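Visitor: I am new to this structure and would like a close look at a single part of it. Please take me through the aromatic rings and how they pair.

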Amino acid sequence: MSKIILQGGRLIDPETGLDETGDLVIEDGRVLALATAAEGGAAEFLAEEDAEIIDVTGLLVTPGLIDMHAHLREPGDEEEETIWSGSRAAVAGGITTVAAFPNTEPAVDNEASAEFVVLQGRRAGYANIFPVGTVTLRREGEELSEMAGLTKAGAVAFSDADRCLRSAEMMRRGLLYAKMFDRPVVAFCEDSDLRRGGVMNYGKVALRHGLPGIPAVSESIIVARDIGIADITQGCLHIGQLSAAGSVALVRQGKESGVKVTAEVTPHHFTLTDECCEYFDPNYKVLPPLRSQADVDALLEGLRDGTIDVIVSAHAPHTAEEKAVEFVYAPFGVVGLETLFCASYTTLVGKHGFGVAEVLAKLTINPARLLGLADDRGGISAGKIADVAVFDVETDRIIDPETFESKGRNTCFGGLTMRGNTVHTFVGGRHVVSEGRVLGAGQESVAER
Amino acid sequence: MNWNRKHLLGLEDLSREEIIELLDTAEGFREVSTRSVKKVPALRGRVVVNLFFEPSTRTRTSFELAGARLSADVLNFSGSSSSTSKGETLNDTALNIEAMGVDIVVVRHSCSGAAYQLSQVLGCSVINAGDGAHEHPTQALLDIFTIRQHKPDLEGLKVAIVGDVSHSRVARSNIWGLQKLGAEVYAVGPSTLVPNGLSRLGVKVSHNLDEVLEEVDVFNMLRIQKERQERGLFPTIREYAKLYGLNGERMKRVKEDALVLHPGPINRGVELTPEVADGPRSVILDQVSNGLAVRMAALYLVGACGPQGGQVESQRASGGES
């Protein structure tokens, strides 16, 4: 089979520490070779007649991103997103692997439904779609799901998505049981009593607007609880979507004392504050809520010192009609697949001076390791599956939701100027995004065939 | 004239001058109610819709009468403010009503931000008649108007808002309006309903009514919702009345010229004992009649003096024909 050669890009691989200009050669779906310009590039391959040479001079060539937290809505809420549209959105954002969360209807709590997600992902034919299975049946927090079956069907993690396990004992059993399959439990940390029907961060804006507030402690109290349980079970706990300074401190402390705990954060939580809710715009209504500047600062510090391992989109598409209602009634959630990289790059590298590789590690190899995918994915060294993204970080882009591949338009970054456009995406060596355009591929679903 | 607004959504974003303009305009309209023909033609040919998604006889009636006295056509529309997953959305309801050729929508809704949301989608003027726990500007204006009748200079005046400040739109609008006019605002009530965080709004928080009794010039006694007690935010109505109710004993200790306000309806024996509600310091019924004048002023200013009020000759009520 002919080779594809990405020529003259800045090759960055956080797994190996590579950061040099050079050529990347893909063959048979895998990375065949990396050749730095200093070594003379991939001259031997460039000479081959049938090699497809793509000039990526001045662009970043990175491992395809791995988003370990996205809601693709299928089955059950196909008007919001399908695995097909979500996969297109993913690759449009340079994401080659997505962990699809199980808060679907029905929930992904058994082998068959997990397999359905895998098959729909293959039919769509864009990104690698891995299911996240539920911890408990129907996400009701009462009985454990059949995790062996879920694992067999391809589940890479377990989570009850946006439902916090109310029972500490169920969390203990979940962590213990998931440990047998070497899979993390992604915890949504929220004490619903302390949340009291809140719709935004408990802070000055909520106070002025008379909107019920969600106090930061409603998150950190469960973070503390779950770290305590991870300690006694030695299970693999991954804290979903950190938002509060207190939670960051608890994770840091947990790591220092040797608990197997990891954590993730979204670009909106480390970029925006609750002041965005000033005009009651439901596009800023997320759970956990956008918090204060002090929380944002703590999240940035957590990213810097390694307390926070992973950056996720928490992609949560909603239809326009669902969001075009009173702030109080609007559902929580924002889309994020197509802004995961540009928002991370713009905020962290552009504004706060992070290194590109430092940020990319949290979008590639770190989640790959957590999900048990690192043997084949999360890097671009020779022999790995050729999941590759090419980004342009020199050109400004104004975020326009109307251009999204996702069915959801509910972004909280609309109108902002960012850097980090996806130019090319390769999944298993297949060219699925070229010059920023998603190329045609599979079919949307069995039903719509 | 210090008025160039299309909407009246709250007092937080109004300037001191705009608030004074509203109060002064209301002053002019108050006299209309004393005439034998209680009508001026200021909004003749205009249509006002009371769009109430939450039951409220008092505020609605007051707006209705205020509109009638300005010669506007007034329609009442009650909507159900349930979640919009089924049925018509707030925006659709409002747009449908506006399509009938409406000039001013007066909206009451249980969600904070509903009035702002409508002001973004409607072409006509919007007056907020209470949105969630956010703002209730005309109620606060009538409270301030009533205070001003007795105490013309609000600078340095100490006004205590007593009760469930946390969940109260009346309290919030009062806080902004009073502060802009130079008054010092106290929030008094149990710590579960008056959290210390309220001090971030520039108010003095107290959980002890007796402690502030002697220094306060005006007591604005909020109605306590039985529902809050049922949700466990305070133990009993009895204990609440003991701690935060104004009674004869407490009235002996207040300033001689202190005023007692209540937005109504009163829970007699809870916020106020009858002797206080009907006593010499009470200005509660003045509030009701002033409410009419204030709402006439609000309708008149947004309807006839805002950026789109050009078609109607601007005429102050006091100077207009009878």
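Guide: This is a predicted model. A good place to start is a pair of tyrosines in chain B: B:Tyr240 and B:Tyr244 are both buried. Both residues belong to helix H9 of chain B, which covers residues 237-244. They are four residues apart there, about one turn of the helix.

A pair of aromatic rings is described by the distance of the centres and the angle of the planes. Over all chains, the structure holds eight aromatic pairs. One of them is formed by B:Phe29 and B:Tyr300, with 5.4 Å from centre to centre and 75° between the planes. Pairs with planes over 60 degrees apart count as edge-to-face, and the pair of B:Phe29 and B:Tyr300 is edge-to-face. B:Phe29 sits in helix H1 of chain B (residues 16-30) and B:Tyr300 in helix H12 of chain B (residues 284-305), so this pair ties together parts that are 271 residues apart in sequence. B:Phe29 and B:Tyr300 are buried.

The two tyrosines of helix H9 can be read in the same terms. The ring centres of B:Tyr240 and B:Tyr244 are 5.5 Å apart and the planes stand at 45°, so the pair is tilted.

Ring pairs also involve chain A. A:Tyr279, A:Phe280 and B:Tyr116 are linked by ring pairs into a cluster.

Rings in chain A have another kind of neighbour as well. A:Lys285 lies over the face of A:Phe327, at 5.7 Å from the ring centre. A:Lys285 also lies over the face of A:Phe332, where the figure is 4.7 Å from the ring centre. The charge of a lysine is placed at its NZ atom, and it counts as over a ring if NZ is within 6 Å of the ring centre and within 35 degrees of the ring normal.

For the setting of these chain A residues, here is the chain as a whole. Its secondary structure comes to 15 helices and 19 strands. The radius of gyration of chain A is 21 Å, close to the 22 Å that the globule rule gives for 449 residues, so chain A is as compact as a globular protein of that length. Along the principal axes, the C-alpha atoms of chain A fill a box of roughly 65 × 50 × 45 Å. Of the 449 residues in chain A, 63% are buried. Among contacts in chain A with a separation of 6 or more, 73% come from residues 24 or more positions apart. Chain A exposes about 15800 Å², and carbon and sulfur atoms supply 49% of that area.

Methods:
Residues numbered from 1 in each chain as written. Chains lettered and ligands numbered in written order. Predicted model: local features only at pLDDT ≥ 70, side-chain atom pairs only at ≥ 80, totals over all residues. Heavy atoms only, no water. Phe/Tyr/Trp six-rings, centres within 6.5 Å; stacked < 30°, edge-to-face > 60°. Helix = DSSP H or I, 4+ residues; strand = E, 2+ residues; numbered from the N terminus. Buried < 20%, exposed > 50% of the residue type's maximum accessible area, 1.4 Å probe, protein only. Rg over C-alpha atoms; globule rule 2.2 N^0.38 Å. Contact = heavy atoms within 4.5 Å. Areas by Shrake-Rupley, 256 points an atom, 1.4 Å probe, with all protein chains shown as cover.
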